[in-house]
Amino acid sequence: MACHASGGLLATAGADRKVLVWDVNGGFCTHYFKGHKDVVTTLMFHPDTNKTLLFSGSADATVRVWDLLAKAVSEDGWTLLTAGRDKVVNLWDLHDYVFKMTIPTYEVLEGLCAVKSGTELASFLGSCNLQSGKRRDRSSSIYFITVGERGIVAVCLYEQKSSDVTVSSDTDDSPRGFTAAVILPLDQGLLCVTVDHQFLFYSLVVHLEEKFELMLSKRLVGYKEEILDMRFLGEEEKFLAVATNLEQVQVYALESMSCSYVLAGHTEIVLCLDTCVSSSGRPLLVRLWNSESINCIGVGMGHMGGVGAVAFSKKWKNFFVSGSSDRTIKVWSTDGISDDADQPINLKAKAVVAAHDKDINSLVIAPNDTLVCSGSQDRTACVWRLPDLVSVVVLKGHKRGIWSVEFSPVDQCVITASGDKTIKMWAIANGSCLKTFEGHTSSVLRASFLTRGTQFVSCGADDLVKLWTVKTNECIATYDQHEDKVWALAIGRKTEMFATGGGDAVVNLWYDSTTSDKAEAFRKEMLDYNKAIQIAFELCRPRKLFELFAELCRKDGGNQIETALRTLGKEEIHLLFEYIREWNTKPKFCHVAQYVLFGVFNIFLPTEILE
């Protein structure tokens, strides 16, 4: 589609090889063009509203000019620039539609933008042109930007050194790179669109000696694929690390939910992740990343199958544990690794154990770093003593594979979530099942403790998130905000919030609204009390007034009474004194009378009371 500069016309084209022009306000078709022999892939109106020309490009390798109202047109309006998958940019003279010249780009092109004079980018390109010894008249120079399959932004004398596009592994033949680009108005930079539905915003950065660079300033991810795992990141938990069915880990800023950066290095899909803050205060992830410098500082190699679970040390933060489809658990030391390492160091396993008969789905380390618990498809969970991985107890009782395990932050127990639709709580001391929680209608995929172990939250293949109270075995809330399996659950230990993600490619952030809900309920209740007190005064009902004040006394004593008294006028206060005098003479009523009197003395000045 293309919109005319006036906003009144819209051109559309597609696989039917036709070009249509529509009246936006009226909603009817004004022009109908035929001539292309293949899919029409791009449209553009002439930027000058006085020139009624429309340009269309097709997979038949032609550009057609329709007499009406560009892919890109030079600023004087008489040079057309076209780019295609033949790896060249062609320039055409619009006076007589004659071909002028070809510029090779050596890559399949998907986007082309003409740089207008007067912009910050045009001025630097002009100065670079002069420095390179090309004394050509600036007014006749045509500068343009191209993007294509390499994921590189190229503009005249400048080309990016590396791509910001999150491409798949080199063996993957799927399309990659950019699909479109547009220069933003008011020198706001460049916007590029990638094959995997990301918007990349570039800003012009000027260095010394009048050198410039296009720096990635913002990344918006339009489609996150299926979300497999998530963790909050950093000391203040202001970031969320997300693993999707891609080879990269995407890190989002919670404040804006824009993708701050991408961690690329794995050659296959990232199945799981965990985070911690290192002893130096820098946040880390497993395939050991320094998330501040965005460097991979350590790699643990040795598993014979996909790594389905990882867990960081909670207390000392100098080791982590991994579990794999090869049915083994390994303990890896991070001692001696520098946070500032330029190249990743090969990590060494301190201990290995053949832990289960089937794939290992989940691992968790106890808060004091003495134990690790593993959950497997073999329907068992095992507790191991660290660092030697000596078996402590085996937890048996689930009828299907175990997807998630979690230590209680306060008690000597573990919860497990299983494909048998249940969550169980186990005693570590003897391996006995303490409680069973039922309520999910499909496999329970994650479960984690909240509010110092008094509650936990679970999510499953039934698309639901449930909140449970440990003491009563009750599900106190069910949330239906996902449209597919909820694979990922991340708990914020400091922010009192949690995040969920799943097969619907959606990340939901949740926060504890208990306090705000209570405050809102209290506010509404006080409005009701204040209204009732006003009516009781208007109808001269001292008995009803006493009952209302007595209820406020039982709820919160003086504070709520003072709130109610502030709404009264002078005449009502005078009448209230008469009622208080009567109530104070009776033992049954005197306590409430004193409460109300105390509230009056707190609010009003002595001179007002004397009046």
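Select strands β12 (residues 109-115) and β13 (residues 143-148) to begin: six bridges hold them together in the antiparallel sense. The coordinates come from a predicted model. Within this pair, pick G111 and then V147 of β13, which is its bridge partner. Five of the seven residues of β12 are buried, so the strand is largely enclosed by the rest of the structure.

Next, widen the selection to the sheet around this pair. The sheet is open and has four strands, in the order β12-β13-β14-β15, with antiparallel pairing. Its edge strands are β12 and β15 (158-159), each of which pairs on one side only. Between β13 and strand β14 (residues 154-155), which run antiparallel, there are two bridges. To display a contact there, choose I145 and its bridge partner in β14, V155.

The tour then moves to strand β31. Select residues 328-333: six of the six residues of this strand are buried, so β31 is largely enclosed by the rest of the structure. Colouring by side shows that both faces are covered, with T328, K330 and W332 buried on one side and I329, V331 and S333 buried on the other.

Add the neighbours of β31 in turn. Strand β30 (residues 319-324) runs antiparallel to β31 and is joined to it by five bridges. F319 can be labelled together with S333 of β31, which it stands opposite. The two strands β30 and β31 make a hairpin with three residues between them, and R327 in that turn has a positive phi of about 75 degrees. Then select strand β33 (residues 349-354), which is antiparallel to β31 and joined to it by five bridges. Here the bridge partner of W332 is A349 in β33.

Annotated segments can be selected next. UniProt, in an unreviewed entry, places the feature "repeat: WD" at several ranges, including residues 300-333, 353-386 and 479-510. Residues 353-386 are 0% helix and 59% strand, and the end C-alpha atoms of this segment lie 12 Å apart. Residues 479-510 are 0% helix and 44% strand, with end C-alpha atoms 10 Å apart.

Now turn to the helices, starting with α2 (residues 514-538). At 1.5 Å a residue, its 25 residues should span 36 Å, and its end C-alpha atoms are 36 Å apart, which agrees. Its buried residues are M526, Y529, N530, I533, A536 and F537. An α-helix has 3.6 residues a turn, so residues three or four places apart point the same way. After α2 comes C540, whose phi is positive, near 55 degrees.

Select helix α6 (residues 590-603) for a second check of this kind. Its 14 residues should span 20 Å at 1.5 Å a residue, and the distance between its end C-alpha atoms, 20 Å, agrees. Buried residues in α6 are C590, V592, A593, V596, L597, G599 and V600.

The final stop concerns the cysteines. How many disulfides does a search of the whole structure find? The search finds zero. Select C192 and C113: the sulfur of C192 is 7.3 Å from that of C113, the closest cysteine sulfur, which is too far for a bond. C192 is buried, with a relative accessible area of 0%. Then select C553 and C590: the closest cysteine sulfur to that of C553 is in C590, 12 Å away and too far for a bond. C553 also counts as buried, at 13% relative accessibility.

Technical notes:
Residues numbered from 1 in each chain as written. Predicted model: local features only at pLDDT ≥ 70, side-chain atom pairs only at ≥ 80, totals over all residues. Heavy atoms only, no water. Expected span 1.5 Å × (residues − 1). Buried < 20%, exposed > 50% of the residue type's maximum accessible area, 1.4 Å probe, protein only. Pairing = 2+ DSSP bridges. UniProt positions renumbered as here; feature names shortened; annotations may be inferred. Disulfide = S-S within 2.5 Å.
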